Amino acid sequence: QVQLVESGGGLVQAGGSLRLSCQASGRTFSGYVMGWFRQAPGKDREFIAAISWSGSTTYYGDSMKGRFNISLDTAKNTGYLQMNSLKPEDTAVYYCNADPRPPLSPLAFWGQGTQVTVSP
């Protein structure tokens, strides 16, 4: 059974940092891409970043590069999203996925999400 489990969310003051983790298990993910997305209340899901499972290639959404950094430990099958200089508008539920045919193929596996709240 494939599982993706996010952790590391929480409440942080504006200007602070958080590192989210996404632990993937249940199959071999070679050839997959791990992505991070977020969704704020009343807004569409927004792409943040993605990384090839080899770790050799990264992708960032518009305006995401600079404050957000994606990485992946292939030995642990765990991805990370380092978020710096957080702003109240970064408040959202953050999700990771593992996608064999990005972007957003129906074959992708998703985590349950972790809440990030940034206070002014």
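## A strand-built chain and its salt-bridge network

Among contacts in the protein chain between residues at least 6 apart in sequence, 52% join residues at least 24 apart. Keep in mind as you look around that this is a predicted model.

**The overall build**

What elements make up the chain? The protein chain has eleven strands and zero helices. Read from the N terminus on, its elements run β-β-β-β-β-β-β-β-β-β-β.

How does the radius of gyration agree with that of a compact globule? A compact globule with 120 residues would have a radius of gyration near 14 Å, and the protein chain, at 13 Å, agrees with this. Along its principal axes, the C-alpha trace spans about 40 × 25 × 25 Å. Of the 120 residues, 43% count as buried. The accessible surface of the protein chain comes to about 6,300 Å², and carbon and sulfur atoms account for 48% of that surface.

The chain carries 10 positive and 8 negative charges, and the mean positions of these two groups are 4 Å apart.

**Salt bridges**

Now let us turn to some of those charged side chains. How many salt bridges are there? The count comes to three, and here they are:

| Salt bridge | N to O distance |
|---|---|
| Glutamate 46 – arginine 38 | 2.8 Å |
| Aspartate 90 – arginine 38 | 2.8 Å |
| Aspartate 90 – arginine 67 | 2.8 Å |

Where do the partners sit along the chain? In the pair of aspartate 90 and arginine 38, distant parts of the chain are linked: aspartate 90 is in the loop between strand 8 (78–83) and strand 9 (92–99), arginine 38 is in strand 4 (residues 33–39), and the two are 52 residues apart. The pair of aspartate 90 and arginine 67 also links distant parts of the chain, with arginine 67 in the loop between strand 6 (58–60) and strand 7 (68–73), 23 residues from aspartate 90. Through shared partners, the salt bridges join Arg38, Glu46, Arg67 and Asp90 into one network.

Which of these residues are buried, and which are partly exposed? Aspartate 90 has 0% relative accessibility, so it counts as buried. Arginine 38 is at 9%, so arginine 38 counts as buried. Arginine 67 is buried too, with a relative accessible area of 18%; the cut-off for buried is under 20%. Glutamate 46 has a relative accessible area of 32%, so glutamate 46 is partly exposed.

**A look at glutamine 39**

Finally, find glutamine 39, which lies in strand 4. Is this residue buried or partly exposed? Its relative accessibility is 34%, so glutamine 39 counts as partly exposed.

What does glutamine 39 touch? Leaving aside residues up to four places away in sequence, glutamine 39 touches Asp44, Arg45, Ala92, Val93 and Tyr95. You can also find glutamine 115 in the structure: along the chain, glutamine 39 and glutamine 115 are 76 residues apart, while their C-alpha atoms are separated by 9.6 Å.

Key. Residues are numbered from 1 along each chain as its sequence is written. This is a predicted model: local features need pLDDT of at least 70, side-chain atom pairs count only at pLDDT 80 or more; totals for chains, interfaces and linings use all residues. Side-chain values use heavy atoms; hydrogens and water are left out. A salt bridge is a side-chain nitrogen of Lys or Arg within 4 Å of a carboxyl oxygen of Asp or Glu. Buried means under 20% relative accessible area, exposed over 50%, partly exposed in between (1.4 Å probe, protein chains only). Helices (H or I, at least four residues) and strands (E, at least two) are DSSP runs, numbered from the N terminus. The radius of gyration is taken over C-alpha atoms; the globule rule is 2.2 Å times the number of residues to the power 0.38. Contact means heavy atoms within 4.5 Å. Accessible areas come from the Shrake-Rupley method with a 1.4 Å probe; for residues, only the protein chains shown count as cover. Lys and Arg count as positive and Asp and Glu as negative; His and the chain ends are not counted. The place of a charge is taken as NZ of Lys, CZ of Arg, CG of Asp or CD of Glu.
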